[in-house]
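Student: I would like a close look at a single part of this model, followed by a careful walk through some of its other features. Please keep the reasoning visible as you go.
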Amino acid sequence: MIQLNIFSFSLIFSLLFTISITNAIEIPEKFQKSNHTNNWAVLVDTSRFWFNYRHVANVLSIYRSVKRLGIPDSQIILMISDDMACNPRNPRPATIFNNAHEQINVYGDDVEVDYRGYEVSVENFVRLLTGRVPPDTPRSKRLLTDEGSNILIYLTGHGGDGFLKFQDSEEITSQELADALEQMWQKRRYNEIFFIIDTCQASSMYEKFYSPNILATASSLVGEDSLSHHVDSAIGVYIIDRYTYYVLEFLENVHPNSKKTMSEFLAVCPKSACLSTVGVRRDLFKRDPSKVPITDFFGSVRPVIITTDPIDIQEIPKRRKSQSINKTKVPEKREYLPQFPMHLVQTNNY
Amino acid sequence: MWASASFVGVLIIIGVPLWWKTTEVYRVALPYDKINAFDPMSHFISSELTVLANDDKTAQDIAKQIEKAFEQSDVIKLKIKKQVLSKELQHILDSVADEQEALEEVAATFNTNIHNTFYVVQRKPLFKDVWVGTERVAFFRDVKAAPTLVEALVHWIYEPSVLNGARSETADPARQIRFPSGPGFHVVLSVVHPKPQLMKVDFNARDAVEDYIGSFVDEISDLHNFTLKSQWLHLLEFNFEAKEVTDSPGDRHFAVRQDRLPLLLTRLEERAATHVSERPTLNLALYVVPCDTAPLVLYDADNKRVSSPVQAFMSPKWGGVVLGNPTQQECQEKLYKPNVNLIMGTFLSQLRKLLGITDKRAVGGARLEALRRAAPRRWERDALLRLRALEQLASAQASLASLAELLGEISNIVINDEVGASINLAVDSIQRAGQLLERGDLLEAHKYAQQGFLAAETAFMEPSLLALLYFPDDQKYAIYIPLFLPIMFPVVLSLKNLILWFRGKPVHKEKID
Amino acid sequence: MFKSGIFNIFLTLLIQIKGDDFKEEIFIKPLPPSHLYVDFHFITLVNGEESFEHSYLAPRSLGEIMSRYQVDELHLTLTEGQWKHNQWGYPVLDAAPGAELYAWFNTDVIDVDIQWKKLSSTLSGLFCASLNFIETFNTITPKMSLWPTGAQKPKQNYTSQLRYASLPREIVCTENLTPWKKLLPCESTHGFSSLLNSRMIHNTNYHSIGVHVRRMCVDNNCLETNLEIKQTVALVYDFKIINSMDWSFRKLFGQGLPGACPLSSSSKIYVDTTSNSTYRFKLTPEPNLILLSQRGGSETELAVYNINNSIMMNIVAKYETKSKLFVNIPPPLSFTRYVLGYGKEFGGIVTELTNNYWAPIDVVLLENAPWWLPIQLSSLRVNGEAESKLILSQYYSPGRSRQKPYHLELLLHLPPKSTTTLTIDFEFVFLKWQEYPPDANHGFYIGSALISANLPTAKNYTSLPITGNTFDSIVNASKPWYPMVFRTNGAMVSLPTPDFSMPYNVICLACTVVALAFGPLNNICTKELVLKAPGTSISLRQKILNMFKKKKD
């Protein structure tokens, strides 16, 4: 009897001990290790016309946060369908605000838009994702990801059940989007994707995904509309959507060394604030979102290796000069040409 | 009757096949069976190794030990030849003082310039067990040096683990550092000068890049095509947030934490203007540290001071940065003349790693002669050729496999002649490259592997292969069915009567009004 | 002072070693009564014989583009707004609204069109503009209006190597200014380029950023050439927008000038004070020097500031009289262009050229109509006449649907003190459904016409002579002729636009019609009418049907 008591007591004690030990060890391993080597972002605004000012404000707010957290412009593809900043109807030229207090100009001073105006189309978007761009496309308009890239994809605009409207004239269906992402996976063009979409009935867009390593969130479920936040009476239109407004509030408190997790991000807009239910799809994502740091997708990791072994060059090399430099080229005399076809005037002069 | 027969004839017998033919998708026949038979992990390279020893028994022992070590790896198969050194050569090797001279003697007798060969030669007066230099020759002392020799061969010369990583699907650490395979690169040397009004820099970037980097890339021109460029980025400032640390009275340095360095790369990228080029760019940046924060010293992730003759770091798949610290005297004179040899030597060491030449870890008892010139070692070139050939072969096969799956799944994508030609070329090149690798003909194998890789990439990234551009089958039927079904209805119904009529039975159908 | 002296010596040493030279200038000219013209010029001179793979001050990306596509001369402008020639005089460099790109390729290049397409695609990535929409169907080769401004080898055919395209729908905003600023050696942190604050410079009536690259002779022999890379910003401010008649750098750019760029060999500000006699204003601080220039019969007075240090300064102009009556004296050549017609079948373009000068002026008019607006040459009327003596030479290249635009060039001799009206008709074309832009009801833009004029007088003329690259080259630069290429305003037409929701309706309608038509046809062909004697038995079905039929008796 007594032995049983001693035995059970020691059992409980060892159990408590191991629990405390594991708790002590758990903190450094709190974040599950990610093996990505670079970060990309694809930010798309699909609406045209002045009254859709808020969609441009949405996408530029995310652009600004992502740039602030470290992703360079060369790894961000920004697609904006219409010009709001220099639009003649904009009473504050070259600015876009996301708040009626007009404190932050999200358009900023160093924005680089890769696809703008009529270039933002379903075909160009799918070509960008799958890599099948026309041969003359410059590098800044290509998605040059590799197997170690974590990509943040953000779409905003007007949508419906199973489609997203581009520029009020064409749609991309959820099946096409899922197929495009699958082709990216086949070519190993991503490590993990975080997909955010802020439109009406947004969750229908991610329901057809079938490729691994995708974590998706949407501002509303099927059958619900995403609503805008408030009007700026000086500009005269709604200037930000609810979901993106609360996302921004959250991101403004994130700095490059932040310890916040993805699950905090996924819970950023409760139904009381957003008036629509935020949808999440996590079955394709291998890691647990509560253990994934938010900087895995919003920040930028660039591994740095310190060099400690320079080569000690004894003989200074001299490259064999290539034959194309022809030193015996005779300098030709050049002249300025007349700027007006006077020869035609004189011959035809009456 | 004849009328309904003619309706049936036109619509069903002529119309349906005509519609089927005209809505057929043009697809060139593809070698699906060959593509499905691809197995990247089955490729191997055979390489020749000659053992030259003083007597037969040593040669046998050494050869046997090497054979045993390499029989596990299926990625590289060694053809070991044994030979006994001639008496005079033995005598010369034993008497010559310097390894370099010994190398020359060996090179005089045996041809060490053939790709994919290696010579293991016995030489008694060695300081350590094994000595490896820049040529395709390794010296060993005697039989007892066999384990060290084997380790040197595995970790330095052949590196089967890295080769295995090259042909596998997942990226191993070596693959994460080096640039992916490609036909060419741009190498840009940027001199970053934050305060030109306070200091003058005497550095000829053009000559530095042409001479030093040029000599290096000329040696590996078989692998990639390089374009060398240089530029100066003035007034580009970056705040290192360096803390002043006083070592001794009058001597101080500024400490930079490692997590600050990626932000420097972001800042540099804004102005390096790399996106005008079509090929990937290797950035080498020399950052001239302004006098008020000089000298800058890097502290690694454990917050320990980095002790190295030069402060430099690199980032995989991007390039490298060297911090140029002017001395106190140069600050007073306002003229900074960087040590070109040291800086370019650092860049070369970074460039080597970024292009795939791995770091050689130390092997106890073996001496790897330090590299004292810009050009890479000859056996490093061979290793690169093997690595890139396998990588490109594996990548081409993966691309073709996924492309074949895609084209098989979506049956309405047009496969035009160019895509068919690219795929056929890729398949042929892959097969030839595989055969050549097994034979050991490295240069030709790499050429075909690169050709196959480029053809596979061209085929996969072909702009016309966008599923979006073509009508899916169900939409095709959705357009034609409402148009033709009402028409076909009476025609099909009259078929029954038609058949009866052909058989000769009188047909009478009455409609009474 | 001593430090800047040493620095200048170093800089000259530097230049002699490297061979690159950078200058920055601002030209300010008040345009009475209520506008102000500000023009920034950033000029980099590079040794033209060496390869562009190694650069010192010049932007490496532009040099790479020039050498890779074998471009001899390049002009790109992105503009918003119309320059009002009859009120404001002539700008230094005129630009068409939207994007305008033209380039001369090397005479060695055989297939110019392929290089042109690659050039426009690469520039679209570099400047974040949709220049990749430039294709062969909106590119022309002007024969008489545009000539290379750079030093070229004589006796070669340059016209075939020229390509010109304009995209009137392009907008220009901060996203184009950002990469443009990165091409400058001082970027936007030092020097004059730090004044280019996007919120202030886009709040103007007219803003245009441009990149012009050409070859210049080093000396009079012209055996060696330099490559001149000039980046320009032209702005027209409206005093009503900045809410005051007095202007200063703080009001125009939001900040004072933080000094010169350390890398520039000369940083000057020129203020045109010719109008000081009528609309007096006072400049603070005092200019370093006043230049008087006599050019082609007109006098100009320039106040020059030489900036060579890094002290913050703010130039302020205070006007003495606030409200005045303004009498506009039109410039020697003014023009206007508009679209005629109503309905969606026909229309016409009218270009009116007014010669206000007492001597005749020769001009070349280039009309560039897109392929969907076919212009009829037979309907060309000059002052109402089909055959006119005013046309000295004509070039017409008809367009082809979806392949080539319509290209008309006329060399005209404008008589003195007269207005010449040119009218040409066009018709509208039905586009295919996919060719309409997403906002088709906005309308379609017709680009501006180019008017290349050989002016006999330098009144209101501010352009630089061809041999000079900085503003001081206009001082006393009298020449017999003053050539200038003007751009008229663009126009907008509304093409017949379908209802884009029609496809579903069309399918339903077509299917119904076909079914309804085919049924009776089939019946008539395959069934014969047989008479039946009355009294035969009637089937049940027929009895029921008879109940619904009216009994005819």
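With the side chain of which residue does the side chain of H158(A) make a polar contact?

Tutor: The model is a predicted one, and in it the side chain of H158(A) makes a polar contact with the side chain of N52(A), at 2.9 Å. H158(A) lies in strand β5 of chain A, which runs over residues 158-160, and with a relative accessible area of 26% the residue is partly exposed. Leaving aside residues up to four places away in sequence, the contacts of H158(A) are with T46(A), S47(A), N52(A), R54(A), H55(A), L164(A), K165(A) and T199(A); N52(A), the polar partner, is thus also found in this contact list.

The position matters for the annotation as well: an unreviewed UniProt entry gives "active site" for H158(A) and C200(A). These two positions span 43 residues in sequence, yet their C-alpha atoms are no more than 6.4 Å apart, so they gather at one spot. C200(A) is placed in the loop between β8 (192-198) and β9 (214-218) of chain A. When residues up to four places away in sequence are not counted, C200(A) touches G159(A), G160(A), S220(A), E224(A), D225(A) and S226(A). Of these, G159(A) and G160(A) fall within the residue range of β5, the strand that holds H158(A).

Elsewhere in chain A, helix α5 (residues 242-252) has 9 of its 11 residues buried, so the helix is largely enclosed by the rest of the structure. The buried positions are R242(A), Y243(A), T244(A), Y245(A), Y246(A), V247(A), L248(A), F250(A) and L251(A).

Cysteines deserve a separate account. Over all chains, a search of the whole structure finds 5 disulfides. One of them is in chain A, where C269(A) and C274(A) are joined with their sulfur atoms 1.8 Å apart, and because the torsion about the S-S bond is about 105°, this disulfide is right-handed. Both ends lie out of reach of the probe to a large extent: C269(A) is buried at a relative accessible area of 4%, and C274(A) is buried at 2%.

In chain C, C186(C) and C261(C) form a disulfide in which the sulfur atoms are 1.4 Å apart, and the torsion of about -55° about the S-S bond makes the disulfide left-handed. This pair links distant parts of the chain, with C186(C) in the loop between α5 (174-182) and α6 (198-201) of chain C and C261(C) in the loop between α7 (249-253) and β11 (266-272) of chain C, 75 residues apart. C186(C) is buried, with a relative accessible area of 1%, and C261(C) is buried too, at 3%.

A further disulfide of chain C joins C217(C) to C222(C), with an S to S distance of 1.8 Å; its torsion is about -70°, so this disulfide is left-handed. C217(C) has 16% relative accessibility, which counts as buried because the cut-off for burial is under 20%, while C222(C) is buried at 2%. By contrast, C128(C) takes part in no disulfide, the nearest cysteine sulfur being that of C173(C), 12 Å away, although C128(C) is itself buried, with a relative accessible area of 6%. For C508(C), the closest cysteine sulfur is in C511(C), at 6.9 Å, which is too far for a bond, given that a disulfide requires sulfur atoms within 2.5 Å. C508(C) is partly exposed, with a relative accessible area of 34%.

Chain C also offers a sheet to consider. In it, 5 strands form an open sheet in the order β20-β21-β18-β24-β25, with antiparallel pairing. β20 (391-397) and β25 (482-487) of chain C stand at the edges with a single partner strand each, so one side of each is left without a neighbour in the sheet. From one strand to the next, the twist averages 10°. Within this sheet, β18 (residues 361-369) and β24 (residues 450-455) of chain C pair in the antiparallel sense over 5 bridges, and V363(C) stands opposite A453(C) of β24(C).

To return to the part you asked about, H158(A) is partly exposed, makes its side-chain polar contact with N52(A), and shares the record's "active site" annotation with C200(A).

Notes. Residues numbered from 1 in each chain as written. Chains lettered and ligands numbered in written order. Predicted model: local features only at pLDDT ≥ 70, side-chain atom pairs only at ≥ 80, totals over all residues. Heavy atoms only, no water. Pairing = 2+ DSSP bridges. Helix = DSSP H or I, 4+ residues; strand = E, 2+ residues; numbered from the N terminus. Axes fitted to C-alpha atoms, helices over the stretch in contact; angles between N-to-C directions. Buried < 20%, exposed > 50% of the residue type's maximum accessible area, 1.4 Å probe, protein only. UniProt positions renumbered as here; feature names shortened; annotations may be inferred. Contact = heavy atoms within 4.5 Å. Polar contact = N/O pair within 3.5 Å; in protein donor to acceptor, adjacent residues only side chain to side chain.
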